[in-house]
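Visitor: I've got a model open and I'd like to learn how to read it. Could we start with the ligand and work outwards?

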Amino acid sequence: MDIHVATLPKILDKRGNLSFAENMNQIPFEIRRTYWIYDVPGGTERGGHAYLENMEFVIALSGSFDVLLDDGKETEKISLNRSYYGLLIPKMTWRTMVNFSTNSLALVLSSTEYDPNDYIRDYNEFLQAAKGII
Ligand code: TYD
């Protein structure tokens, strides 16, 4: 899979560090929505679906977690454990988020507004759809 973790700009400062991300710059789409995942009990999984159109950029603002990615052909595990790492998840990618550390905070920047019809929640249906476009 052609997936890599981006390193976001870091402004190192004795007063505390700062990182940022801009539309169409570090983030290769216009951000239409953001949401965040927090208070995840140990051992819990999130995700377990793909989007037909939505692209996402995921940052572990605090703590760490792993993102399991599957494009219907290949799988990859990406660990996010720094607040300046960002993971771009293309559309039509099955994703599961696991191994959340205590007090982890996942920030997700999305290319579309929330639309329940954009989800594929059935893995076999995803594989069928992925075959059509891969
Ligand atoms: P879901 O996307 O299934 O969560 P995850 O992929 O992290 O496991 O969303 C969980 C619930 O939250 C679901 O009922 C839909 C709702 N939701 C919104 O209302 N707006 C949003 O932007 C998101 C991402 C979810």
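Guide: Start with His49: an N or O atom in its side chain is 2.5 Å from an oxygen atom of the ligand. Keep in mind that this is a predicted model.

Visitor: Which arginines put a polar side-chain atom by an oxygen atom of the ligand?

Guide: Look for N or O pairs within 3.5 Å, the cut-off for a polar contact. Arg33 has a polar side-chain atom 2.6 Å from a ligand oxygen, and for Arg46 the distance is 3.1 Å.

Visitor: How much of the ligand does the protein bury?

Guide: Take the area of the ligand alone, then see what share the protein covers. Alone, the ligand exposes 530 Å², and 64% of that is buried by the protein.

Visitor: And which residues are around the ligand?

Guide: List the shell, then sort it by class and by strand. Around the ligand are Arg33, Tyr35, Ile37, Arg46, Gly47, His49, Tyr114, Tyr119 and Arg121. By class, that shell has 4 nonpolar, 2 polar and 3 charged residues. Strands β4 and β5 each give at least two residues to the shell.

Visitor: What about pockets? How much space lies in the largest pocket?

Guide: Read the volume first, then the lining. The largest pocket holds about 200 Å³ of space. It has 14 lining residues, and Tyr35, Ile37, Arg46, Gly47 and His49 are the closest to its centre. Those five names also turn up in the list of residues around the ligand.

Visitor: Which strand gives the largest share of that lining?

Guide: That's β5, with 4 residues. At least two residues each come from β4 (33-37), β5 (46-51), β6 (56-62) and β10 (94-98). In class terms the lining has 8 nonpolar, 2 polar and 4 charged residues.

Visitor: How much space is in the second largest pocket, and what lines it?

Guide: About 170 Å³. Its lining includes Leu8, Phe20, Ile59 and Tyr84, with 8 nonpolar, 3 polar and 1 charged residues by class. Both β3 (18-19) and β6 supply at least two residues of that lining.

Visitor: β5 and β10 keep coming up. In what order do the strands of their sheet run?

Guide: Read a sheet from edge to edge, neighbour by neighbour. This one is open, with 5 strands in the order β8-β7-β10-β5-β12 and antiparallel pairing. At the edges, β8 (75-80) and β12 (119-120) each pair on one side only. Further in, β7 (residues 65-70) pairs antiparallel with β10 over 5 bridges. For one bridge to find on screen, try Asp70, whose partner in β10 is Trp94.

How values were computed:
Residues are numbered from 1 along each chain as its sequence is written. This is a predicted model: local features need pLDDT of at least 70, side-chain atom pairs count only at pLDDT 80 or more; totals for chains, interfaces and linings use all residues. Side-chain values use heavy atoms; hydrogens and water are left out. On a 1 Å grid over the protein atoms alone, a cavity is a set of points where a 1.4 Å probe fits but cannot get out, and a pocket is an open set with protein on both sides within 12 Å along at least five of seven lines; lining residues have an atom within 4 Å of a point. Grid points are joined across faces, edges and corners, and a volume is the space filled by probe spheres set on the points. Ala, Val, Leu, Ile, Met, Phe, Trp, Tyr, Cys and Pro count as nonpolar, Asp, Glu, Lys and Arg as charged, and the others, Gly among them, as polar. Two strands pair if DSSP finds at least two bridges between them. A residue is near a molecule or strand if one of its heavy atoms lies within 4 Å of it. A polar contact is a pair of N or O atoms within 3.5 Å; within protein, one must be able to donate a hydrogen and the other to accept it, and residues adjacent in sequence count only if both atoms are side-chain atoms. Accessible areas come from the Shrake-Rupley method with a 1.4 Å probe; for residues, only the protein chains shown count as cover.
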